[in-house]
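Trainee: Could we take a close look at a single part of this model together? I would like to see how one helix sits in the chain around it.

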Amino acid sequence: MARNIITSDKVAKPGVPISQAVRAGNLVFVSGITPFTKDLQIAKGDFEAQMRQVMDNIVNILDEAGCGLDDVAKVTVVLTRISDFDAMNRIYRDYFGEDDHPARITIEAPLAHPDFLLEIECIAEA
């Protein structure tokens with residue numbers, strides 16, 4: 001199966017040995033996306049600002065892959081504080097709508113950067 005690397009110039013390039021996303025067949029695997037802005041700054045503000053930055057980064061990567069949030073089948077959300085769960089769900093609905101959501105798991109765990117409040121990965125069909 002052919003494997004293609006997906007890179008959006010609207011999203012910060014990873015500083016670690018990962019790709020933003022990989023297309024394998026008709027599936028797009030988006031790596032764990034963090035709240036970095038294009039200029040490698042962490043989104044300013046609270047959890048909401050970081051969540052929206054992560055989601056905007058995912059939208060840009062999916063767009064580069066020729067698909068969108070409607071094509072997402074599976075999402076993994078990692079929160080550093082489970083107390084952000086309700087806020088995450090509220091913002092998640094802003095992006096994915098009220099119905100027909102992708103499958104999802106949400107976990108609480110520490111992340112690589114101490115200022116990250118979340119990281120999200122997903123799998124889409126293109």
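Mentor: Happily; here is the second helix, followed by the chain as a whole and one buried proline. This is a predicted model, where local features need pLDDT of at least 70, side-chain atom pairs count only at pLDDT 80 or more, and totals for chains, interfaces and linings use all residues. Residues are numbered from 1 along each chain as its sequence is written, and side-chain values use heavy atoms, with hydrogens and water left out.

Helix α2 covers residues 85-96; helices here are DSSP runs of H or I with at least four residues, strands are runs of E with at least two, and both are numbered from the N terminus. The end C-alpha atoms of α2 are 16 Å apart, which agrees with the 16 Å that its 12 residues should span at 1.5 Å a residue. That expected span is 1.5 Å times one less than the number of residues.

Met-88, Asn-89, Ile-91, Tyr-92 and Phe-96 are the buried residues of α2, buried being under 20% relative accessible area, exposed over 50% and partly exposed in between, with a 1.4 Å probe and protein chains only. Their cover includes α1 (47-64), β4 (72-79) and β5 (103-108). After α2 comes Gly-97, with a positive phi near 85 degrees.

Now for the setting. The protein chain has two helices and six strands, in the order β-β-β-α-β-α-β-β from the N terminus on. Its radius of gyration is 14 Å, close to the 14 Å of the globule rule for 126 residues, so the chain is as compact as a globular protein of that length. This radius is taken over C-alpha atoms, and the rule is 2.2 Å times the number of residues to the power 0.38. The C-alpha trace spans about 40 × 35 × 20 Å along its principal axes, and 40% of the 126 residues count as buried. Of the contacts (heavy atoms within 4.5 Å) between residues at least 6 apart in sequence, 68% join residues at least 24 apart.

Finally, look at Pro-35, in the loop between β3 (27-33) and α1. Pro-35 is buried, with a relative accessible area of 0%. Leaving aside neighbours within four places in sequence, Pro-35 has contacts that include Gln-41, Ile-42, Phe-116 and Leu-118. Val-54 is also in contact with Pro-35; the two are 19 residues apart in sequence, yet 4.8 Å apart in space, C-alpha to C-alpha.
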